[in-house]
Amino acid sequence: MPPDLQTKLAQPLRIGNVTLHSRVFQSPLAGVTDRVFRRLVRRYAPHSLTYTEMVSASGLHYAREMPRVMEVDPNEAPIAIQLFDCRPDFLAEAAERAVAEGAQIVDINMGCPVNKITKNGGGSSLLRQPEVAAQIVRQVVARSPVPVTVKTRLGWSEQEITILDFARRMEDAGAQAITIHGRTRAQGFNGAARWDWIRRVKEVLSIPVIANGDIFSPKAAGRCLQETGADGVMCSRGTMGYPFLVGEVDTFLRTGKLPSPPPVATVLTVAKEHLVWLYDYKGASGIRQARKHLTWYAKGFPGAATLRGELCRVETLTQGLDLLDRAIDQAAALPVLPTAADRED
Ligand SMILES: Cc1cc2nc3c(=O)[nH]c(=O)nc-3n(C[C@H](O)[C@H](O)[C@H](O)COP(=O)(O)O)c2cc1C
């Protein structure tokens, strides 16, 4: 990495009145980034901003109890609570509750491509309603004592790449940072993320721009920051079954050195912790939720496919722990994984 870039990356990042001591973020991932997952990520990346799963502001308005997806650990920091909806008044109300729960940043989802969300006017459909999106930001900012940020995509479709105008409007409305996933809503997760568009946004905004999309390795993060000039990067799918990634990227950006990859036995030991913590937190439903995580951890070593086939059917904590213990014993004889640190992409 060029020395001037490394110098910039070593500086804290200010988002409104919040100072962040890492420029590598863990993305919000519905069904993944609950308290348990965030605790694992934070162990390897203590200064990185993490996000809750997205929380429906309407749901919050009508529900008596706070949904579990909004829970944060006591003293969990830095943490953003992510909200979605199309109603500025509900979002402003939800932001107050998010702050009461411990959010240091309130993030508004304007990128989710899922029909269930867009048909109700939330997520990426706000890219087509920039006036409503701006009104949302204004109203939330007016009621929120903490910085308000936006996470979005390049536009609705290839024919409607509107991010330059949209991002400027969000800044004018009072957003303190913007995260851009370099794909359109129509792309879903297909094709490569277009970092060139993120560069163009960075060139026209004054608030911090966070680059997102296809950061699967420390080297990819370095390239992305170089190509976009962004103020930070957000890791996402690359962290599923690999909560080491954010920490690895952070170390690489700070030192220029690729961190040593964790041995298979370590990865599987973390999988075990994930399982136990999910069980402690959510009981039997935690075991069902753990299945997908466990299969993501079991990757890239001899016997992994068989193990995945077993892990995706675990019914009890004991069964899961037995399977993982057996795999850890076998893994003791294996070499280190070709980890994200070595992978180009
Ligand atoms: C399973 C899954 C759940 C997601 N949930 C959210 C979410 O709740 N909020 C959000 O803003 N983005 C969500 N995203 C999008 C990611 O945060 C991120 O923008 C996207 O994965 C692109 O980054 P990547 O190419 O590095 O994976 C989700 C993505 C996936 C795959």
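In the predicted model, helix α10 (residues 245-255) contributes the most to the lining of the largest cavity, supplying three residues. This cavity has a volume of about 50 Å³, and the structure holds one cavity of 30 Å³ or more. Its lining consists of Leu 9, Ser 22, Arg 23, Val 24, Asp 250, Leu 253 and Arg 254. By residue class, the lining of the largest cavity comprises three nonpolar, one polar and three charged residues.

The largest pocket encloses about 540 Å³ of space. A total of 29 residues line this pocket, and those closest to its centre are Pro 28, Leu 29, Lys 151, Phe 189 and Ser 236. Strand β8 (residues 148-153) provides the largest share of the pocket lining, with three residues. In chemical character, the lining of the largest pocket divides into 14 nonpolar, nine polar and six charged residues.

The chain is divided into two parts, domain 1 (3-255) and domain 2 (264-331). A distance of 29 Å separates the C-alpha centres of domain 1 and domain 2. Contact between the domains involves 16 residues from domain 1 and 14 residues from domain 2.

Nonpolar side chains tend to be buried together in soluble globular proteins. In the present model, the largest nonpolar core has 94 residues, and Met 110, Met 170, Ile 178, Val 233 and Leu 268 are those with the most contacts inside it. Helix α11 (residues 264-282) gives the most to this core, with eight residues. Because domain 1 (3-255) and domain 2 (264-331) both give residues to this core, it lies between them. Apart from this core lies another, of 12 residues, which includes Leu 13, Leu 49, Ala 80 and Ile 210.

Leu 268, one of the residues with the most contacts inside the largest core, was examined further. When neighbours within four places in sequence are left aside, the contacts of Leu 268 are Phe 301, Leu 307, Leu 324, Ala 327, Ile 328 and Ala 331.

Helix α11 also contains Lys 282. Lys 282 has a relative accessibility of 16% and therefore counts as buried, the cut-off for this class being under 20% relative accessible area. With residues up to four places away in sequence not counted, Lys 282 touches Asp 34, Arg 68 and Gln 289.

A further position considered was Val 72, which is placed in the loop between α3 (57-62) and β6 (79-84). The relative accessible area of Val 72 is 8%, so this residue is buried. Not counting residues up to four places away in sequence, Val 72 touches Arg 35, Arg 38, Thr 52, Ile 79, Ile 81, Glu 101 and Gly 102. Tyr 51 stands 21 residues from Val 72 along the chain, and the C-alpha atoms of the two residues are separated by 9.6 Å.

Conventions
Residues numbered from 1 in each chain as written. Predicted model: local features only at pLDDT ≥ 70, side-chain atom pairs only at ≥ 80, totals over all residues. Heavy atoms only, no water. 1 Å grid on protein atoms, 1.4 Å probe; cavity = no way out; pocket = protein on both sides within 12 Å on 5 of 7 lines; lining within 4 Å. Points joined across faces, edges and corners; volume = space filled by probe spheres on them. Helix = DSSP H or I, 4+ residues; strand = E, 2+ residues; numbered from the N terminus. Nonpolar A, V, L, I, M, F, W, Y, C, P; charged D, E, K, R; others polar. Core = buried A, V, L, I, M, F, W, Y, C linked by side-chain atoms within 4.5 Å. Buried < 20%, exposed > 50% of the residue type's maximum accessible area, 1.4 Å probe, protein only. Domains from an automatic or database assignment. Contact = heavy atoms within 4.5 Å.
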